[in-house]
Structures are given as C-alpha cells and as structure tokens.
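Please look at the structure shown below and follow the chain from one end to the other. The notes after it go through the sheet, the helices that pack on it, the nonpolar cores and one buried side chain.

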Amino acid sequence: MGADLDNADSQAVQNSNALPKIDNSALPTFLMVGTIEPRKGHQQVFEAFQLLWNQGIAVRLVIIGRVGWNVEPLIKEIESHEQINKNLIWLNNSSDQVLEAWYHHASALIAASYGEGFGLPLIEAAQRKLPVLARDLPVFREVAGNHAFYFRADNPSELARAIQTWLQLFASNQHPQSEAMPWLSWEDSTNQLKIAMEIEVQQP
C-alpha cells in the first residue's frame with residue numbers, strides 16, 4: 001500500500017484556527033480516525049475512556065469519522081454524554097484541514113480495530129511524529145514494527161489500564177516514537193509490484 005500525503009501546509013494548519021476552541025488544551029488527547037463501525041473498536045475505546053474519566057484521570061478522546069453501520073446505540077451514547085464537546089469530541093464530517101490540525105494537536109493516535117487490511121492512520125500519524133497506540137494485530141505490527149505501543153484488551157478495563165501505562169511512559173518520554181516508522185509511496189508500491197510480476201513471468 002502507498003501512503004502519499006500532502007504535508008506541505010502542515011505548519012500552516014498547525015498554527016491555524018482549524019481547531020475548535022477548547023479548554024485545557026494541554027490535556028493528553030487521544031485521536032481515533034476512521035468510519036465508526038463495530039470492527040474499528042470505538043465502543044471499547046469509548047467505554048475505556050468513561051472508566052478513566054470516572055477515576056478522575058484527565059484525558060481527552062477525539063473521534064474523527066462518519067457514522068457507519070450497526071452503531072446507532074453508540075452514537076446516541078456519544079451525543080448525550082456529559083463530556084461531549086469537552087473531553088469527548090466527535091467530528092462526523094471533518095475537513096482535511098481539521099483532521100490535519102488534530103493530527104498535530106493530539107498526544108497520540110489510538111488504533112483499536114479488531115481487524116484491518118492495512119491501517120493508513122498509523123502511517124499518517126508517523127508522518128506527523130504522532131505517537132501510536134495500536135491493538136496487537138499482525139497487520140499493525142507489520143506496518144509499525146517497534147514504533148508503536150501495542151495493547152491487548154478483551155474489555156474496556158484492560159484497555160483503560162493500557163492507556164494508563166502509556167500515559168506513564170509518555171510522562172517520562174519513554175513511550176515508543178513513531179517518526180522512524182517506514183512507509184512506501186504509491187510509486188514505491190507500484191515498483192515493488194512490477195518487480196514481483198517480472199519475477200513471476202521469468203520463472204519457468
């Protein structure tokens with residue numbers, strides 16, 4: 001897979017008014033990017049953050065993604081939650097500029113999918129030097145290698161504990177760094193495919 005992303009205006013976006021006016025801008029902020037659907041793990045993440053908030057842990061969850069399927073109860077919970085537009089922000093129809101701004105403002109990306117084909121947000125985060133928390137999936141390890149913090153969570157409590165562990169590492173600057181994560185451009189990916197096809201054709 002290729003990952004050609006236009007980063008030319010990233011500094012301008014970082015300093016723009018693309019972000020909403022929010023209190024406690026220094027609050028640890030976790031970003032989820034992608035369509036809201038059961039496979040992406042939004043329900044578990046949402047419930048884990050509720051546990052953290054109930055414990056008095058100051059963190060923010062930002063969800064950027066459109067409504068998918070089979071998530072109507074979750075959407076109602078999000079929209080009616082006491083933390084909405086405070087420590088819980090959901091952007092259903094975000095512009096590229098706003099997404100870019102949140103990539104720069106967030107403390108970490110959280111990729112909680114139960115299954116993925118690739119995981120482009122991991123690459124997008126790494127290109128912006130944003131730390132990554134990812135579910136321990138083979139495809140995420142293939143993409144991110146040692147450049148992400150991996151968690152295993154069968155329930156919200158386990159995920160909440162994993163987030164707390166990451167926060168402790170983050171506070172002492174011992175969390176995995178993402179900027180060295182390797183990635184391919186679409187040209188690189190195409191060239192690899194051409195080489196593979198040429199080898200296949202040349203084999204008797």
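Strand β5, residues 132–135, pairs with β6 in the parallel sense over 3 bridges. Both strands are part of a predicted model, in which an open sheet of 6 strands has the order β3-β2-β1-β4-β5-β6. The points below start from this sheet.

**The sheet**

- The pairing in the sheet of 6 strands is parallel.
- Its edge strands are β3 (88–91) and β6 (149–151), each of which pairs on one side only.
- On average, neighbouring strands of the sheet are turned by 20° against each other, direction ignored.
- At the β6 edge, Ala 134 has Tyr 150 in β6 as its bridge partner.
- Towards the β3 edge, β2 and β3 run parallel and are joined by 4 bridges.
- Ile 63 has its bridge partner in β3, namely Trp 90.
- Together with α3, the strands β2 and β3 make a β-α-β unit, and this unit is right-handed.

**Helices on the sheet**

- Helix α2 (residues 42–54) packs on the sheet and touches β1 (29–33), β2 (60–64), β3, β4 (108–111) and β5.
- The direction of α2 makes about 160° with that of β2.
- Helix α7 (residues 156–171) lies across β1, β4, β5 and β6.
- With respect to β6, α7 runs at about 160°.

**Nonpolar cores**

- The largest nonpolar core has 31 residues.
- Which of its residues touch the most other members? They are Phe 30, Phe 49, Ile 110, Leu 133, Phe 151 and Ile 163.
- Two or more residues of this core come from each of β1, α2, β2, α3 (72–80), β3, β4, β6 and α7.
- Leaving aside neighbours within four places in sequence, Ile 110 is in contact with Phe 30, Leu 31, Met 32, Val 45, Leu 133, Phe 151, Leu 159 and Ile 163.
- A second, separate core has 27 residues, including Tyr 103, Phe 118, Ala 126 and Ala 134.
- Ala 134, a member of this second core, is also the bridge partner of Tyr 150.

**A buried arginine**

- Arg 128 lies in the loop between α5 (120–127) and β5.
- Why does Arg 128 count as buried? Its relative accessible area is 12%, and buried means under 20%.
- The side chain of Arg 128 is joined to that of Glu 100 by a polar contact of 2.7 Å.

Conventions. Residues numbered from 1 in each chain as written. Predicted model: local features only at pLDDT ≥ 70, side-chain atom pairs only at ≥ 80, totals over all residues. Heavy atoms only, no water. Pairing = 2+ DSSP bridges. Axes fitted to C-alpha atoms, helices over the stretch in contact; angles between N-to-C directions. Contact = heavy atoms within 4.5 Å. Core = buried A, V, L, I, M, F, W, Y, C linked by side-chain atoms within 4.5 Å. Buried < 20%, exposed > 50% of the residue type's maximum accessible area, 1.4 Å probe, protein only. Polar contact = N/O pair within 3.5 Å; in protein donor to acceptor, adjacent residues only side chain to side chain. Right-handed = clockwise from strand over helix to strand, strands pointing away.
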